[in-house]
Amino acid sequence: MKRKDLIIKRIFDLSLSIVLLLLFGWLILIFVFMAWLDTKQLGIFKQQRVGKNGRLFEIYKLRSMKMMPDNRLNVTRLGHFWRRTKLDELPQLLNVLLGDMSLVGPRPDIAGFVDMLEGDDRIILSVKPGITGPASLYFKNEEHLLAQQTDPEFYNRTVIWPKKVELNKTYIAEYSFYKDIIIILKTICTSFGTSLRAWRSNL
């Protein structure tokens, strides 16, 4: 990705994240409060992820899991809605504002995946991770797909992860600002459609 592209991308990220936080910050705060009521824990979930150049940072998400009496973590009913609609990712606008993430890019992963890439695959670490991206759209039903597998971890490492690497490498190699706009619009449409279906199923 050229330096000019990176500068334009950062200006766009900064501008849009500020606008969206000003417009919808109140809604995010309501969602955080709802997550707190739902899980009886802090409504914001923080976790270390691998960012650009392998640097670790704390990612923000709406909390979707609740500690059960037997000390197991279970996804709540509201948490399933957050995850299905990707609304749990909204707090990451703050990550974009802080410069840890971009609006579009490879999804940030935990240590043990992207930081272990070798050779040409390490190009993925040359850009900031994104709230959404081509791999996010391709595997928009990832949780459902993994739930169908007898060995989800093996399937993730041998099928899903290699495909994500392929999609992210192509995104970086063929980057254009126009494609970023298309990915954002597709993500909004996908999220809106999922939210509408979820709402109708609860009627």
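Here is a short walk through this predicted model, from a hairpin to the core and on to a kinked helix.

Let's start with the hairpin. Strands β1 (residues 44–50) and β2 run antiparallel, with 7 bridges joining them. To get your bearings in the pair, find Q48, which sits opposite E58 in β2. Between the two strands there are 5 residues, and in this hairpin N53 takes a positive phi near 60 degrees. Strand β2, spanning residues 56–62, is mostly covered, with 5 of its 7 residues buried.

Now for the core. The largest nonpolar core has 30 residues, and L103 and V114 have the most contacts inside it. Two or more residues each come from α1 (3–39), β2, α3 (92–98), β5 (102–104), α6 (152–173) and α7 (177–201). What does V114 touch, once its neighbours within four places in sequence are set aside? V114 is in contact with V50, I124, L125 and W161. Two of those names link back to elements on our route: V50 falls within the 44–50 range of β1, and W161 is among the buried residues of α6.

That brings us to α6 itself. This helix has 22 residues and reaches 30 Å from first C-alpha to last, close to the 32 Å expected at 1.5 Å a residue. Follow α6 along and you'll hit a kink of about 35 degrees at I160, shortly before the proline P162. I160 is also buried, as are N156, K164, L167 and Y171, among others in α6. It helps to remember that an α-helix has 3.6 residues a turn, so residues three or four places apart point the same way.

Methods: Residues numbered from 1 in each chain as written. Predicted model: local features only at pLDDT ≥ 70, side-chain atom pairs only at ≥ 80, totals over all residues. Heavy atoms only, no water. Buried < 20%, exposed > 50% of the residue type's maximum accessible area, 1.4 Å probe, protein only. Helix = DSSP H or I, 4+ residues; strand = E, 2+ residues; numbered from the N terminus. Pairing = 2+ DSSP bridges. Core = buried A, V, L, I, M, F, W, Y, C linked by side-chain atoms within 4.5 Å. Contact = heavy atoms within 4.5 Å. Expected span 1.5 Å × (residues − 1). Bend = angle between axes of the 7 residues up to and from the residue.
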